[in-house]
Amino acid sequence: MTSGSPEVTELIRKPVRERADAARNRDRILVVAAELFGEHGVENVSLDAIASRAGVGKGTLFRRFGSKSGLAVALLDAQESELQSRMLFGPPPLGPGADASTRITAFFDTYLDLLDANLELVRLSETTAPGVRYQIGSYCLWQRHLAILLAEARPELDAQGTSHLLLALVDADLQQALRNSEFTPSRIRGALGEMVRRVLEA
């Protein structure tokens, strides 16, 4: 079985229909949140500030997103959906057509690009409660995708366990801690690439 099969694609979120006014409020809140996060950093922006600039009540924001973490998940959704589409249906090496080992390497390289651009948001979405990272739909898809490719590339490995352990290397809290110490993004990328290559060696 190759990644891109129904086993993986069934995990992709289906769009939810909503009223036109609700959709406008949602889009306005997301635009304002992205602006404020870019101006001040995610940790320094309150939901009150977002609601005020967006011209909506705080209750509206809470009902739509639940929390700042829920807002982070919504802001990441478009980028994660694009990665999902490229991963499942796009050209190789990330999409189908390349061998499994090459696709795994391409996935981590591409995911690090997403992290580099959105680390604060990803970290917020993954740390709002203990274990929440493993309940996020995108994490479930990444894990299933990697498990299928690992089973093809290294059938002697425990593909399920190894996929989770490899994804632990791109945990946003860990990545933030590394960047707060002496590790540059390029150093992290090099070390991660080497670890993934070693796992994939026959």
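The following paragraphs lead through a predicted model of a protein chain, from its overall make-up to its core, its helix contacts and a few individual residues.

The protein chain contains 10 helices and 0 strands. Read from the N terminus, its elements accordingly run α-α-α-α-α-α-α-α-α-α. Of the 202 residues in the chain, 41% are buried. When contacts between residues at least 6 apart in sequence are considered, 67% of them join residues at least 24 apart.

The interior is a suitable place to begin. The largest nonpolar core has 51 residues, and those with the most contacts inside it are Phe37, Ile50, Leu71, Phe107, Phe108 and Tyr111. At least two residues of this core come from each of helix H2 (20-40), helix H3 (47-54), helix H4 (58-65), helix H5 (68-89), helix H6 (100-127), H7, H8 and helix H10 (185-200). The greatest contribution is that of H6, which gives 12 residues to this core. Phe107 illustrates how such a residue is surrounded: with neighbours within four places in sequence left aside, Phe107 is in contact with Met87, Leu94, Trp142, His145, Leu146 and Leu167.

Phe107 also takes part in the contact between H6 and H7. The axes of these two helices come within 8 Å and cross at roughly 150°. An angle over 145 degrees counts as roughly antiparallel, and H6 and H7 are therefore roughly antiparallel to each other. The crossing in which H6 passes H7 is left-handed. On the H6 side, the contact is made by Ala100, Ser101, Arg103, Ile104, Phe107, Phe108 and Tyr111, while H7 contributes Trp142, His145, Leu146, Leu149, Leu150, Glu152 and Ala153. By class, the residues of the contact of H6 with H7 comprise 10 nonpolar, 2 polar and 2 charged.

Ala153, one of the H7 residues in that contact, can be examined further. Its relative accessible area is 22%, so Ala153 is partly exposed. Ala153 and Arg103 are 50 residues apart in sequence, yet their C-alpha atoms are 9.9 Å apart in space. Apart from neighbours within four places in sequence, Ala153 is in contact with Ala100, Ser101 and Leu200.

Helix H7 (residues 137-153) also meets helix H8 (residues 159-168), and here the axes come within 8 Å and cross at roughly 125°. That angle makes H7 oblique to H8. H7 passes H8 in a right-handed crossing. The H7 residues involved are Tyr139, Trp142, Gln143, Leu146, Ala147, Leu150 and Ala151, and they meet Ala159, Gln160, Thr162, Ser163, His164, Leu166 and Leu167 in H8. The residues of this contact of H7 with H8 fall into 9 nonpolar, 5 polar and no charged. Trp142, Leu146 and Leu150 of H7 appear both in the contact with H6 and in the contact with H8.

Beyond H8 lies helix H9 (residues 172-180), in which Gln176 has its place. Gln175 is likewise found in helix H9. Gln175 has a relative accessible area of 1% and is therefore buried. Not counting residues up to four places away in sequence, Gln175 touches Leu112, Leu115, Leu119, Leu169, Val170 and Ile188. Gln176, at 17% relative accessibility, also counts as buried, because the limit for that class is under 20%. With residues up to four places away in sequence again not counted, Gln176 touches Leu119, Glu120 and Arg123. Leu119 thus appears among the contacts of Gln175 and among those of Gln176.

Helix H10 holds Glu194. With a relative accessible area of 30%, Glu194 is partly exposed. Glu194 and Thr105 are separated by 89 residues in sequence and by 9.8 Å in space, C-alpha to C-alpha.

A final feature concerns the backbone. Most peptide bonds are trans. The peptide bond from Pro92 to Pro93, however, is cis, with omega near 10°. Pro93 has its place in the loop between H5 and H6.

Key:
Residues are numbered from 1 along each chain as its sequence is written. This is a predicted model: local features need pLDDT of at least 70, side-chain atom pairs count only at pLDDT 80 or more; totals for chains, interfaces and linings use all residues. Side-chain values use heavy atoms; hydrogens and water are left out. Axes are lines fitted to C-alpha atoms, for helices over the stretch in contact, and angles run from 0 to 180 degrees between N-to-C directions. Helices (H or I, at least four residues) and strands (E, at least two) are DSSP runs, numbered from the N terminus. Angles under 35 degrees count as roughly parallel, over 145 as roughly antiparallel, 65 to 115 as roughly perpendicular and the rest as oblique. A crossing is left-handed if the near helix is turned anticlockwise from the far one by less than a right angle, and right-handed if clockwise. Contact means heavy atoms within 4.5 Å. Ala, Val, Leu, Ile, Met, Phe, Trp, Tyr, Cys and Pro count as nonpolar, Asp, Glu, Lys and Arg as charged, and the others, Gly among them, as polar. A nonpolar core is a set of buried Ala, Val, Leu, Ile, Met, Phe, Trp, Tyr and Cys residues joined through side-chain atoms within 4.5 Å. Buried means under 20% relative accessible area, exposed over 50%, partly exposed in between (1.4 Å probe, protein chains only).
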